[in-house]
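Here's a quick briefing to read with the model open beside you. Could you keep the 3D view handy while going through the points?

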Amino acid sequence: MRAIVFDQFGSPDVLHEADIEVPQPGPGQVRVRVKAAGLNALDGKIRSGTLETVRPTPLPAVPGGELAGVVDALGEGVSEVQVGDEVLGWSDTGSYAQYALATTLAPKPAGLDWQHAVALPVAGETTERVLNLLRVATGETVLMHGASGAVGTLAVQLATARGARVIATAGPSNQGYLASLGATATVYGDGLVERVRALAPDGVDAVFDLAGKGALEDSITLRGGTDRIVTIADFGARRLGITFSQGSQERSTARLAALAQDAAAGKFVTTVTAYPLDQAATAQQVSDAGHVRGKLVLTVD
């Protein structure tokens, strides 16, 4: 099968296409014919070797942790899905490939296309986990740093759906985008504390940092302490006494299925930019650079 692999750690240039063996499902696994693979910032950190001390990666490796596609084969003991089912979820093997193995999958609604389906697993799980950690409630004001990406796109809308007001930061080119999602938008950088105080004179109740670029000190100033601040991107959080929330292995297929149904019904929007599989290096270069609007996706023939 066609797959994107890397044989050494480094820049996106280490990614290349290869013909590798089709994986065989083990007990409890299914094989999925991949239609779309999601890109995440984590993919670039793994490829670069940045996470080797905490998350070793045997080489050669196929990147990618989320997929949407068609069930192609069943491992022993699988009864929840059937061959031919259209699904989305998390991959056990790299998803930048024509086939991948998976154990945690939800049905894809007919009204949701592949590219928008694959924008949901990681962003949905991350958003709900952090909003729950922050205890976001009706009438509260939430500050989100770097909210124009895949997680931020969903987080703005789901926090708003809880009845919260969202103040969201991004670069100048994404101000209108954040406003279209229901946020009060402002730019990041020098003077942020003053800008946020002008927008929320009574203060902010919680902070969700998706940027990981030096916003935590300003967040502490705005909150008057470290309570109800969570980051998913700043590895210096613990030094400051702030919660760093990592991906959970307790992934709910029921919640993902409900999220997919809501997406198909138009209850929230997702924004995707798609690249063909053979342009994975270009897509990861864009991801590494930041300032992404919505979700980056690879389409697989």
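What follows is a short tour of a helix, a cavity, a few single residues and some backbone oddities. Keep in mind that this is a predicted model.

**Helix H6 and what packs on it**

- Helix H6 runs over residues 192-199, and its buried residues are Leu192, Val193 and Val196.
- Looking down the axis of H6, those buried residues sit within an arc of 100°, so they line one face of the helix.
- Flip to the face turned away from that buried side and you'll find the exposed residues Glu194 and Ala198.
- The cover over the buried residues of H6 includes three strands, E8 (141-145), E9 (165-170) and E10 (184-187), along with helix H7 (216-223).

**Thr169, in one of the covering strands**

- Thr169 belongs to strand E9, which is part of the cover over the buried residues of H6.
- Buried or exposed? Thr169 has a relative accessibility of 1% and so counts as buried, the cut-off being under 20%.
- The side chain of Thr169 has a polar atom 2.9 Å from the backbone nitrogen of Gly146.
- Setting aside neighbours within four places in sequence, Thr169 is in contact with Leu143, Met144, His145, Gly146, Ala147, Leu178, Thr186, Val187, Tyr188 and Leu192.
- One of those contacts, Leu192, is itself among the buried residues of H6.

**The cavity**

- How many cavities of 30 Å³ or more does a search of the whole structure find? It turns up one.
- The volume of the largest cavity is about 50 Å³.
- Its lining is made up of Ala119, Ala123, Ala150, Thr153, Leu154, Thr270, Thr271, Gly294 and Lys295.
- Helix H4 (residues 150-161) gives the most to that lining, contributing three residues.
- By type, the lining residues split into four nonpolar, four polar and one charged.

**Asn40, with ties to two lining residues**

- You'll find Asn40 in the loop between strand E3 (30-38) and H1.
- With a relative accessibility of 16%, Asn40 counts as buried.
- Not counting residues up to four places away in sequence, Asn40 touches Glu66, Val122, Ser287 and Lys295.
- The side chains of Asn40 and Glu66 are joined by a polar contact of 2.8 Å.
- Asn40 and Ala150 are 110 residues apart in sequence, while their C-alpha atoms are 8.6 Å apart in space.
- Both Lys295 and Ala150 also appear in the lining of the largest cavity.

**Asp113, in a loop**

- Asp113 lies between strand E7 (104-107) and helix H2 (114-117), in the connecting loop.
- At 41% relative accessibility, Asp113 counts as partly exposed.
- The backbone nitrogen of Gln115 is reached by the side chain of Asp113 at 3.2 Å.
- In sequence, Asp113 and Lys35 are 78 residues apart, and in space they are 9.8 Å apart, C-alpha to C-alpha.

**Thr231, in strand E12**

- Thr231 is part of strand E12, and at 0% relative accessibility it counts as buried.
- Its side chain makes a polar contact of 2.7 Å with the side chain of Asp209.
- Residues touched by Thr231, not counting those up to four places away in sequence, are Asp209, Leu216, Ala237, Ile242, Thr243, Phe244 and Ser245.

**Backbone oddities worth a look**

- Which residues does a cis peptide bond join? Here the bond is between Leu59 and Pro60, with omega at about -5°.
- Pro60 falls in the loop between helix H1 (41-48) and strand E4 (66-74).
- Arg228 isn't a glycine, yet its phi is positive at about 60°.
- The loop between H7 and strand E12 (229-231) holds Arg228, which counts as buried at 14% relative accessibility.
- His291 has a positive phi too, near 65°, and is likewise a residue other than glycine.
- His291 sits in the loop between helix H10 (280-289) and strand E15 (295-299).
- With a relative accessible area of 55%, His291 is exposed, whereas Arg228 is buried.

Technical notes. Residues are numbered from 1 along each chain as its sequence is written. This is a predicted model: local features need pLDDT of at least 70, side-chain atom pairs count only at pLDDT 80 or more; totals for chains, interfaces and linings use all residues. Side-chain values use heavy atoms; hydrogens and water are left out. Buried means under 20% relative accessible area, exposed over 50%, partly exposed in between (1.4 Å probe, protein chains only). Helices (H or I, at least four residues) and strands (E, at least two) are DSSP runs, numbered from the N terminus. The arc is that of the directions from the helix axis to the C-beta atoms. Contact means heavy atoms within 4.5 Å. A polar contact is a pair of N or O atoms within 3.5 Å; within protein, one must be able to donate a hydrogen and the other to accept it, and residues adjacent in sequence count only if both atoms are side-chain atoms. On a 1 Å grid over the protein atoms alone, a cavity is a set of points where a 1.4 Å probe fits but cannot get out, and a pocket is an open set with protein on both sides within 12 Å along at least five of seven lines; lining residues have an atom within 4 Å of a point. Grid points are joined across faces, edges and corners, and a volume is the space filled by probe spheres set on the points. Ala, Val, Leu, Ile, Met, Phe, Trp, Tyr, Cys and Pro count as nonpolar, Asp, Glu, Lys and Arg as charged, and the others, Gly among them, as polar.
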